[in-house]
Structures are given as structure tokens and as C-alpha cells.
Amino acid sequence: MLESPSPSSSDDLIHRLQQTRRTRWRERLLRGEWLVLALGVSGVLVHVGFVTTSAERVRDLNSLAVLVMCLLSVSRIARSAIAVPGHHSPRLRTAQLLAVPVLWGLGLAAGTLVHEPSPERMSLAVGWTECMIATMAALAVLRAVRSLAARTHNSAVLLAGSFLLLITVGTLLLKMPMCVADGAQGGSQSADWNVALFTATSASCVTGLIVVPTGSHWSPVGHAVIFTLFQIGGLGILTFGAFVAVLSGRRGLHFREARTLRDMLDSESVKDSRMLLLTILLFTLATELVGACCLAGLWSDKTPGQQAWHSVFHSVSAFCNAGFSLQDDGFLNMGGHWQVFGPLTFLIILGGLGFPVIQDLGIAIRNNWRRRTRRTLFLSNTARQRLSVHSRLVLWSALVLLVMGTVNFFFLESLRTEPEESTGRRIADAWFQSVTFRTAGFNTVDHGSLSPATKLMAIVLMFIGAAPGSTGGGVKTVVFAITMLNIYAVWRGRDRVEVFGRCIPAEQVSRALSMIAVGLIIVLLTTGLLVVFEPESTPFLDLLYEATSAFGTVGVSTGVTGSLSVPSQLLIVVVMFLGRVGPITLLLAMAGAGDAHKYSYPTERVSLG
């Protein structure tokens, strides 16, 4: 005899059916939001100037923006009313969903209170509505990137794809006429596609090479776009997506998302990557803020608002090793200012050390301070905490390269001609150029007038680049250090690389040599193509200088960037992308899963010469 279902099981079944129905409605509303948001973004892009529109079309676009925000607000209110099964914090989820309609309504209300009914109030309301749509679109892109990070099995694909996405968005934004300054290209005309692509790639890849002057060619809106691109590009889209997760109150990251973040930041473990994320957030904001305060007095001839913007722009540009400047000649002839050879170089060095090293330094300083305090109070006799081998290798290699670069630049430029500047000024210029050659792209001297020997030294420093996990490019200082240690081991007859009482794994030595080889191939191939594309009158050394600067994402130039032909500009765009993503990362992105062979061929020696 069949038993009838109990009342409790029936209630559970009805509850599950209700949850399934609510989940389906939430998914439908979410898909509808994506479509409506895409329509709203298209209207905003058309409105701000991709095409010339009549007054009637402008009114239609304004109505479309308001309609889109109304639909998005209604959808979010409906989603907040639907319970989220299994969510750890329904109240937090509801607050996040209602934030957009509430902020939009408050903005409209504030505009109503400030302005009487007039065209100005309508324009202000539409502008606020379009800003909300753009903000929602940016957050949606970050959520999509984080979703891919939680699902993808190949971190290299995500890293390369995220930079391609950033470059694409940056190109479209810089293409808008409102990003071009009045008087540049007729004022109302938009930038050429090759100029927008080159600038967006240079900013996203934190390079600093430019084909048009940043300060005079681009408008304040263009400056803000470039600023956003190199701030995001310096830290990575995935890092910003994780920032949004932290700021929105999420307790943790998906395992695969944390793994991808670990690969991007060169962290040792998934657990460390979560702590490293918080370190990056706090350290970046604090460093850039302190740097902006130190640089404020450098533009005393400008208004307070302009001083603040210039200080923040150059502080972030220096920390991200971007090399963009709002002054057309950069910091030319400003090497004697203490803000330039002091705080500015300090920002560049910190950005080039890498976040894992900064975190390791912070932990070591904190623990050793606690150890000294406890030892003073006779509470503990714990051993002194040492830095990791990676951190010590980064710090020593950076110190050696900075000192050698300064000394070589000073003597090479001093011995060439009779010095016109004082010794102190020449030392300051040598120090600044030694710092900027490896990563930043700023200049206090004219690089086109440097001696060939100085240019060759600069090419070597640019090729080496910054530290792993930093905002700089190049083959990385650790790779160069391991290569030199390998040469030293061969000279001593050792079959392993040793440093600081530790052995470097053989696979890392092999990878370091591969990165050196791939980097040399890219630089030489790029130089060869530039020789083909450019006139014979262009010096070969200047083209090699340009190719190495693009690969190392440095941004210094002898002055040939603006005169490059379109094929050469597109070539430099590709090389800047390769230099930021990393050639090895790109190879891993294109490679498939390797076969796990359970056998090996017999060993046979070959002649090496």
C-alpha cells in the first residue's frame, strides 16, 4: 500500500518550487538588465560624439537614457524583492541592488533643489543619468571579468584578454571628440583611430610612449580617460574587480579567481593572494596620496585646482610606472627640483619593486619591531625574521642597477662634452634617468641628444625592466639576476644556481633563460621591421631604442615616436602589449594542455662550442 506524502515533505517541495521559480525570475531580470544596459551605453556613446546628431536626435537620446535608467531601477527593485536562496547576507544584497536607483533619485532630487525648472536642470539630469549608466556598465564589465576568473582554467588567457578589453574600451573613449582639446584637429573633430589606439595601448600597458602631446592634444576629459587607463592597467582589471568585491562586502573570492589573481600578482599561494590584495589596496592609495602631497609645490604657478590635478596625475603615473605627463616636454630641465629627484623617483622605485616584495618587507618590519619590543621587555627571544630569497634578490638587483646606471650615466655624459650644468645638477639628472630608464618613462634631459654609449646603456636597462609582480615591464630584474648567477655557476663549474644559501629550481633557471631569449627575439625583430618601415635617414640606434622602450613598457624616446609611420605605430602597439602581458604568459595563453608523458628519451650530449 502506497503511503501518502507527509505534510512536511509537501511543504519542502512547495518551498523548493518557489525558490526555483524565483531564481528563474531573477535570471530573466538579469538578462534583461544586460540588454537594456547595452542599449543605454550605445545611446550614451552616440550622444557624447561618435556621430553628429541633430537637436531632435539629442532629445531622443536624452529620453532613451532616462527610460533606460527607469527600467534598470524597476528591475533592481524587483530583484531586491525576490529572496536570494543561499545568499550569505540578504540585507547586503538588497542594499547593493537598491544603491543604483537610490543614488539616481538622490542626484535628480539634488539637481531639482539647486536649479529652477530650466534647460540647465534638464541637461544636469541627463548628464547625471548618463554617468550612472556608464558606472553601471563599468561595474558590469568588472563582474564579467571576475566571473571569467572564477571559471577559466587558463589564467594566461584571462590576463591577456583583460588587457585587450581595456585597450578596446580606452580606444573607443579616446576616439570621442570630447576627449580632444579645442584647437587640436579642428577642435570638434575626433582623434584618428591610430592615435586613439596607440595612446590607449600605451596607457593601458603603462608604457608612456606618445604620438601626440598628452597635455595639449587631449582635453581634460581625455586626460581623465588616460589617467583611468594607466591606473587600471598598472594594477590589472582583475585586481580592480577584486577591489569591488572587497568594497561591496563579499567575504571571499572564488578559488579559481584567487588562483588567477595569484598568477597576475606572482604570489606564492591562493591564501597569500587574498592578503596581498588588501595590501595592494591600502598601500597603493596611501602611496599615491602621499606622493601627490609631495609633488603639489612643483606647479606653484597654477591654480589650486590645477595643482591638485597635476599632483595626483603625476603621482599615479609615477607609481604605476606609466610615464605620462600633462606637460608636453615632461620634466625637461626640472631635474634640480627636490620633488623630481626625491618623491617622484621614490614613487617609481616603489611601483617597480612589486607588491609581493612590499608585503614581505612590511611583514618583516612589523614582526622584527614586535620582536625587539618583546625582547626589551624580556618576554621573548624569538629569532629575527628574514626576507624571502625573492625579496632579497629583487632589492639587491634593484640597488645594483640603480647605482651602476647613475654612475655610468654621469661619467658617459660628463666625458663627452664640457658640462654646462653644476655637478649636483648632473648627479640629480643621472640618478633620475637611472631610475626612469628601467621602468617609468619620464625625462629630465633630452634623450635625443644623449651619446651613443649612453643610449646603449639605457637599452640594456630598459630590456631588464622592473621586478616581477610590479607595474613595470621588461624581462624582469629577477630573471636577469638568475641569468647572471647561472653564468657565475658555470664559471665555477657548478651544476646548480645558488644564492643566499638556497638553490634556485632548475625549471626556473630554464624559464629565465627562455624569457631572455624570447625578449631578445622580440626586440631584434621589432627593430628590423622598424628599419624596413621607416626612412633610411632614421638612425638605427634610435629605432633600437624605440623598440626596447616599447618592449620594456618604459616610454622614453629619442623623439622619433611622433614621426613613425602608421605600420610602425601598429607594430609598437603590438610590442607594448607583448611587453605588458609578458611573452611567456602569451605563449602559455596560446598553448594547449601539455601531454603528461610517462617516458623520457635517452640522454645524449651535444657540443656547445
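**Close-ups of a predicted chain**

**View 1. The largest nonpolar core.** This core takes in 84 residues, and L174, W218, F230, F437, Y545 and I572 are the ones with the most contacts inside it. Keep in mind that we're looking at a predicted model.

**View 2. Around I572.** Here we zoom in on I572, one of the residues with the most contacts inside the largest nonpolar core. Leaving aside residues up to four places away in sequence, I572 touches F198, L209, L530, E546, A550 and L564.

**View 3. A second core.** Separate from the one around I572 is another nonpolar core, this one made of 15 residues. Among its members are L295, V340, V435 and A440.

**View 4. Helix α12 from end to end.** Helix α12 covers residues 304-319, 16 in total. At 1.5 Å a residue it should span 22 Å, and its end C-alpha atoms do sit 22 Å apart, so the two values agree. Its buried residues include Q307, H310, S311 and F313, and the run from H314 through S315, V316, S317 and A318 to F319 is buried too. Just past the helix comes N321, with a positive phi of about 60 degrees.

**View 5. Stepping back to the chain.** The chain has 609 residues, and 47% of them count as buried. Its secondary structure comes to 22 helices and two strands. Take the contacts between residues at least 6 apart in sequence: 71% of them join residues at least 24 apart. On the outside, the chain exposes about 31,400 Å², with 64% of that supplied by carbon and sulfur atoms.

How values were computed:
Residues numbered from 1 in each chain as written. Predicted model: local features only at pLDDT ≥ 70, side-chain atom pairs only at ≥ 80, totals over all residues. Heavy atoms only, no water. Core = buried A, V, L, I, M, F, W, Y, C linked by side-chain atoms within 4.5 Å. Buried < 20%, exposed > 50% of the residue type's maximum accessible area, 1.4 Å probe, protein only. Contact = heavy atoms within 4.5 Å. Helix = DSSP H or I, 4+ residues; strand = E, 2+ residues; numbered from the N terminus. Areas by Shrake-Rupley, 256 points an atom, 1.4 Å probe, with all protein chains shown as cover. Expected span 1.5 Å × (residues − 1).
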